[in-house]
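Subject: A structure for you to explore

Hello,

Here is the structure I promised to pass on to you. Have a look at it first, and then read on for what turned up.

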Amino acid sequence: MAMNESFLHYIWQFQYFDKANLETQQGEQVSIFKTGWLNTNAGPDFSGAKIRIGDLDWVGNVEIHQKASDWIAHSHTQDKAYENVILHVVWEGDEVIKRMDGSVIPTIELKDRVDESLLKAYRKLITSGTVIPCEKSFQSADELIKLSMVEKSLLKRLEYKAHEAQQVLQSNGGDWQETAYQLLARNFGFKINSESFFQLAKSLPYKIIAKHSSNLLQLEALLFGQAGMLETKTKDEYVTALFEEYLFLSKKYSIYDSRLSTAQWKFLRLRPANFPTLRIAQFASLMASEKSLFPTFIEADSFDKLQSVLSCSPSVYWHSHFHFARKSKTKIHSFGQASKENVIINTIVPLWVAFGKAKDDQRYVDRAMEILQHIPAEVNKITKIWSGLGMSLQSSFDSQALIEQYNTLCQKRDCLNCVVGASLLRPQ
């Protein structure tokens with residue numbers, strides 16, 4: 001396995017190499033007082049390092065490469081951002097590297113200074129054939145480290161979801177009300193139809209919805225019509241009423257030409273309870289019951305209040321239909337418990353975190369983490385893998401964290417950025 005820079009970053013950050021008689025390629029003694037902070041943006045790899053080279057103390061940046069010649073290959077030679085690099089750390093010093101003014105950049109080579117057992121352990125970990133790279137040694141990791149892994153992954157997931165919410169907010173010109181509405185609509189698509197629901201909400205602004213919140217039939221007409229599901233009149237009186245209402249309202253608000261097509265909605269292989277027609281009916285019911293969506297979400301400070309807010313029952317027609325003109329043999333229930341929990345996890349929690357960050361108010365972030373502990377852990381193929389490794393998933397706090405851990409670190413074999421992986425690689 002070829003050496004990679006991620007592993008070199010890890011070796012440098014934790015100083016897992018022999019520093020006895022450490023010298024540059026030019027023979028100057030090197031002492032490392034501070035490794036610096038890993039830079040995840042453009043520019044040198046570590047900043048704020050403090051190093052003594054010969055008789056001089058330096059504070060600045062450190063750049064890391066597999067080979068010294070990578071400096072040239074990566075076009076750093078003419079990049080002023082790399083002119084203040086005080087030390088070049090390489091696995092193999094195959095070339096002498098100079099700055100623009102011709103001065104030599106001090107370089108140290110690590111190839112013969114890293115314990116072979118550490119290299120073997122790393123190779124074994126990232127080339128493992130198991131789903132979780134450290135599966136065979138996971139049980140030996142300290143429980144406090146596993147707890148740290150869960151907390152770190154949850155925070156990372158919340159950051160990611162909040163960032164998505166912030167992007168939608170930005171596209172809406174900072175309008176939290178519109179953003180909450182669009183994110184909620186996307187959630188009602190439950191993966192398969194999420195993008196179609198999102199486009200539906202974008203084509204039908206919340207200010208229009210709010211004007212008709214006291215009339216459920218009009219809300220249904222707007223949503224079904226804008227979804228492209230009301231193309232012609234039928235013998236069904238309810239559908240005809242929706243069709244006529246939509247024709248009037250769509251012309252009033254000039255939204256007819258921006259409606260979706262029926263081809264954008266997926267029904268195949270979905271359980272009837274997840275048909276987009278029923279979901280739209282439930283969504284319309286929720287819009288009718290909540291007169292001001294975003295404040296309602298922000299002010300609901302308990303799991304019970306959130307469940308109450310999301311307890312929407314569709315209109316009478318949808319008590320016996322999953323689709324237009326197709327009567328169901330069984331009574332259709334309102335928005336289910338699992339669906340409510342899904343919305344809390346994927347819409348309300350990210351909104352709280354995004355709002356807390358925008359207002360610099362940690363209370364909303366803390367509330368988001370707390371509410372997740374009141375929701376049962378999700379059960380899916382990913383959480384089952386972790387349960388098989390002995391992890392106890394008590395709530396969605398745990399399941400959300402471990403889903404993030406699996407998706408962003410384990411699948412990518414990014415063990416060096418995992419607290420468990422780093423602990424298992426620590427030299428004894």
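A cavity is a set of grid points where a 1.4 Å probe fits but cannot get out, and a residue lines it if one of its atoms is within 4 Å of a point. Please keep in mind that this is a predicted model.

**The cavities**

How many cavities of 30 Å³ or more does the structure hold? There are 2 of them. The largest cavity has a volume of about 70 Å³. Its lining is made up of Pro133, Cys134, Phe138, Met149, Trp386, Gln405, Leu409, Cys410, Cys415, Cys418, Val420 and Gly421. If you want to find these residues on the model, start with the helices: helix 16 (396–410) and helix 17 each supply at least two residues of this lining. Helix 16 gives the most, with 3 residues. What kinds of residue surround the space of the largest cavity? By class, 10 are nonpolar and 2 are polar, while none is charged.

The second largest cavity holds about 30 Å³ of space. Around the second largest cavity you will find Leu154, Arg157, Leu158, Lys161, Ile345, Val349, Leu372 and Gln400. Two elements, helix 4 (143–171) and helix 13 (337–358), give two or more residues each to this lining. The largest share, 4 residues, comes from helix 4. Here the classes are 5 nonpolar, 1 polar and 2 charged residues. Charged residues are therefore part of the lining of the second largest cavity, whereas the lining of the largest cavity has none.

**A pocket**

Next, please look at the second largest pocket, which contains about 360 Å³ of space. Its lining has 14 residues, and those nearest the centre of the pocket are His9, Gln13, Leu38, Leu416 and Asn417. Which helices each supply at least two residues of this lining? They are helix 1 (5–14) and helix 17 (419–425). You have already met helix 17, as it also supplies at least two residues to the lining of the largest cavity. In the second largest pocket, though, the largest share comes from helix 1, with 5 residues. Sorted by class, the pocket lining has 7 nonpolar, 6 polar and 1 charged residues.

**A strand and its partners**

Strand 5 (residues 85–92) is a good place to practise reading a sheet. Is strand 5 enclosed or open? Of its 8 residues, 7 are buried, so strand 5 is largely enclosed by the rest of the structure. Buried here means under 20% relative accessible area.

Strand 5 pairs with strand 4 (residues 56–67), and the two run parallel, joined by 6 bridges. One pair to look for is Glu63 with His88, its bridge partner in strand 5. Strand 5 also pairs with strand 6 (residues 107–109), again in the parallel sense, over 3 bridges. There, Val89 has Ile108 of strand 6 as its bridge partner. While you are tracing these strands, a general point may help: in a regular strand the side chains alternate between the two faces of the sheet.

**Salt bridges**

Side chains of opposite charge can pair when their charged atoms come close. The structure holds 7 salt bridges, and here are three to look up.

- Asp57 pairs with Arg52, and their closest N and O atoms are 2.6 Å apart. Asp57 is partly exposed, at 43% relative accessible area, and Arg52 is also partly exposed, at 34%.
- Glu159 forms a salt bridge with Lys357, with the closest N and O atoms 3.0 Å apart. Glu159 sits in helix 4 and Lys357 in helix 13, so this pair ties together parts that are 198 residues apart in sequence. Glu159 counts as partly exposed at 43% relative accessibility, as does Lys357 at 38%.
- Lys305 forms a salt bridge with Asp301, and the closest N and O atoms are 3.1 Å apart. Lys305 is partly exposed, with a relative accessible area of 42%, and Asp301 is partly exposed too, at 45%.

The link between Glu159 and Lys357 brings you back to the cavities: helix 4 and helix 13 also give residues to the lining of the second largest cavity.

Enjoy exploring, and write back with any questions.

Best wishes

Notes
Residues are numbered from 1 along each chain as its sequence is written. This is a predicted model: local features need pLDDT of at least 70, side-chain atom pairs count only at pLDDT 80 or more; totals for chains, interfaces and linings use all residues. Side-chain values use heavy atoms; hydrogens and water are left out. On a 1 Å grid over the protein atoms alone, a cavity is a set of points where a 1.4 Å probe fits but cannot get out, and a pocket is an open set with protein on both sides within 12 Å along at least five of seven lines; lining residues have an atom within 4 Å of a point. Grid points are joined across faces, edges and corners, and a volume is the space filled by probe spheres set on the points. Buried means under 20% relative accessible area, exposed over 50%, partly exposed in between (1.4 Å probe, protein chains only). Two strands pair if DSSP finds at least two bridges between them. A salt bridge is a side-chain nitrogen of Lys or Arg within 4 Å of a carboxyl oxygen of Asp or Glu.
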